[in-house]
Amino acid sequence: WMYFKLLGSTVSGYSANSDFPVCDDLRWELWRYFSYQFCHKGAEHIGKNLIFQLSLGIPLEMVEGSFRMFLIYNLGVAYGALNC
């Protein structure tokens, strides 16, 4: 492990100075900025998101309207993807 951390491995997809995998540059695949909002880790994650969106989303939609809420939500998704 220490050898790997100091020198890295040419066979693995991990860099020497990080525990994260080396990623290809996928910034030009624009669909990724919006499609990640549909990824969930499991049933608990979906449940928490559902409760959060129902408790805040419905009142916000009543005030802002459906189209404006759609824009607000998806702009938030894009902003989150760009700053992640």
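**Reasoning from values to terms in a predicted four-helix chain**

Mentor: In this predicted model, Glu 44 and Lys 48 are separated by about one helical turn, because they lie 4 residues apart in helix H3.

Trainee: Why is the pairing of Glu 44 with Lys 48 called a salt bridge?

Mentor: The closest N and O atoms of Glu 44 and Lys 48 are 3.1 Å apart. The cut-off for a Lys or Arg nitrogen and a carboxyl oxygen is 4 Å, so the pair qualifies. Side chains of opposite charge can pair when their charged atoms come close. Both Glu 44 and Lys 48 are exposed.

Trainee: How many salt bridges does a search of the whole structure find?

Mentor: The search returns 2. Besides the pair in helix H3, Arg 68 forms one with Glu 64, with closest N and O atoms 3.3 Å apart. That value lies within 4 Å, so the term applies here as well.

Trainee: What makes Glu 64 partly exposed?

Mentor: The relative accessibility of Glu 64 is 29%. Buried requires under 20% and exposed requires over 50%, so Glu 64 falls in between.

Trainee: Why is Gln 37 called buried?

Mentor: Its relative accessible area is 17%. Since the limit is 20%, Gln 37 counts as buried. Gln 37 sits in the loop between helix H2 (32-35) and H3. Beyond residues up to four places away in sequence, Gln 37 touches Tyr 73, Asn 74 and Val 77.

Trainee: What makes the approach of the Gln 37 and Asn 74 side chains a polar contact?

Mentor: The two side chains come to 3.3 Å. The cut-off for a polar contact is 3.5 Å, so this distance satisfies it.

Trainee: How is Ala 81 classified, buried or exposed, and why?

Mentor: Ala 81 is buried, because its relative accessible area of 18% is under 20%. Ala 81 belongs to helix H4 (residues 66-82). Apart from neighbours within four places in sequence, Ala 81 is in contact with Tyr 33 and Tyr 36. Ala 81 and Phe 34 are 47 residues apart in sequence, while their C-alpha atoms are 7.8 Å apart in space.

Trainee: Which residues form the nonpolar patch on the surface?

Mentor: The patch consists of Leu 50, Leu 54, Ile 58, Met 62 and Val 63, which together have about 550 Å² of accessible area. Leu 50 is placed in helix H3.

Trainee: What is the order of the elements along the chain?

Mentor: From the N terminus they run α-α-α-α, with 4 helices and 0 strands. Buried residues account for 13% of the 84 residues. The accessible surface of the chain is about 7500 Å², and carbon and sulfur atoms hold 69% of that area. Of the contacts between residues at least 6 apart in sequence, 32% connect residues at least 24 apart.

Trainee: Which elements have the lowest and the highest mean pLDDT?

Mentor: Helix H1 (residues 2-7) has the lowest mean, 47, and helix H3 (residues 43-64) the highest, 90. Over residues 1-6 the pLDDT is below 50, and this stretch has 11 contacts in the model beyond near neighbours in sequence. For the chain, the mean pLDDT is 76, with 69% of residues at 70 or more.

Definitions and conventions. Residues are numbered from 1 along each chain as its sequence is written. This is a predicted model: local features need pLDDT of at least 70, side-chain atom pairs count only at pLDDT 80 or more; totals for chains, interfaces and linings use all residues. Side-chain values use heavy atoms; hydrogens and water are left out. Helices (H or I, at least four residues) and strands (E, at least two) are DSSP runs, numbered from the N terminus. Buried means under 20% relative accessible area, exposed over 50%, partly exposed in between (1.4 Å probe, protein chains only). Contact means heavy atoms within 4.5 Å. Accessible areas come from the Shrake-Rupley method with a 1.4 Å probe; for residues, only the protein chains shown count as cover. pLDDT is the predictor's confidence in each residue, from 0 to 100. Patches are made of residues with over 30% relative accessible area and no salt bridge: like charges are joined within 9 Å, nonpolar side chains (Val, Leu, Ile, Met, Phe, Trp, Tyr) within 5 Å. A salt bridge is a side-chain nitrogen of Lys or Arg within 4 Å of a carboxyl oxygen of Asp or Glu. A polar contact is a pair of N or O atoms within 3.5 Å; within protein, one must be able to donate a hydrogen and the other to accept it, and residues adjacent in sequence count only if both atoms are side-chain atoms.
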